[in-house]
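Let's take a walk through a protein model and look at how its charged side chains pair up. Have the structure open and follow along.

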Amino acid sequence: NGWWVYHPFDSRRSEEGWPDLVLARPPKMILVECKKQDGELSPAQAAVVALLRECGQEVYIWRPSDWPEVVKVLERP
């Protein structure tokens, strides 16, 4: 759907808590933390998600069961 995607090569060298994906398709940018179905956010991840949302960013935490939402978000104009 035309999204440019960034994923850190090795998250061990990234800032703790930064989301797994940055997706950009003008005029929108979204950030995504990918979790397994029963995965929990670490305290650092929760803090960064809150910080980014306070800055007006669109941030998602997506699990396999969220697939219909993933499709809906990525297909919207």
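**Following the charged pairs**

Start with K28 and E58, whose side chains come together in a salt bridge, with 2.9 Å from N to O. These two are 30 residues apart in the chain, so to speak in different neighbourhoods: K28 belongs to strand β3 (residues 28–34), while E58 sits in strand β4 (residues 58–62). Keep in mind that you're looking at a predicted model.

Why can such a pair form at all? Side chains of opposite charge can pair when their charged atoms come close.

Now check how open each partner is. K28 has 31% relative accessibility, so it counts as partly exposed. E58 has a relative accessible area of 19%, which puts it in the buried group, because buried means under 20%.

Stay with E58, since R76 forms a salt bridge with it too; here the closest N and O atoms are 2.1 Å apart. This pair also links distant parts of the chain: R76 is in the segment after α2 (67–75), E58 is in strand β4, and 18 residues separate them. Which residues end up in one network through shared salt-bridge partners? They are K28, E58 and R76. As for R76, its relative accessible area is 29%, so R76 is partly exposed.

One more pair is worth finding: K35 and E33, whose side chains meet in a salt bridge at 3.8 Å, N to O. K35 counts as buried at 17% relative accessibility, and E33 counts as buried at 3%.

So how many salt bridges does a search of the whole structure find? It finds 3.

Terms used
Residues are numbered from 1 along each chain as its sequence is written. This is a predicted model: local features need pLDDT of at least 70, side-chain atom pairs count only at pLDDT 80 or more; totals for chains, interfaces and linings use all residues. Side-chain values use heavy atoms; hydrogens and water are left out. A salt bridge is a side-chain nitrogen of Lys or Arg within 4 Å of a carboxyl oxygen of Asp or Glu. Helices (H or I, at least four residues) and strands (E, at least two) are DSSP runs, numbered from the N terminus. Buried means under 20% relative accessible area, exposed over 50%, partly exposed in between (1.4 Å probe, protein chains only).
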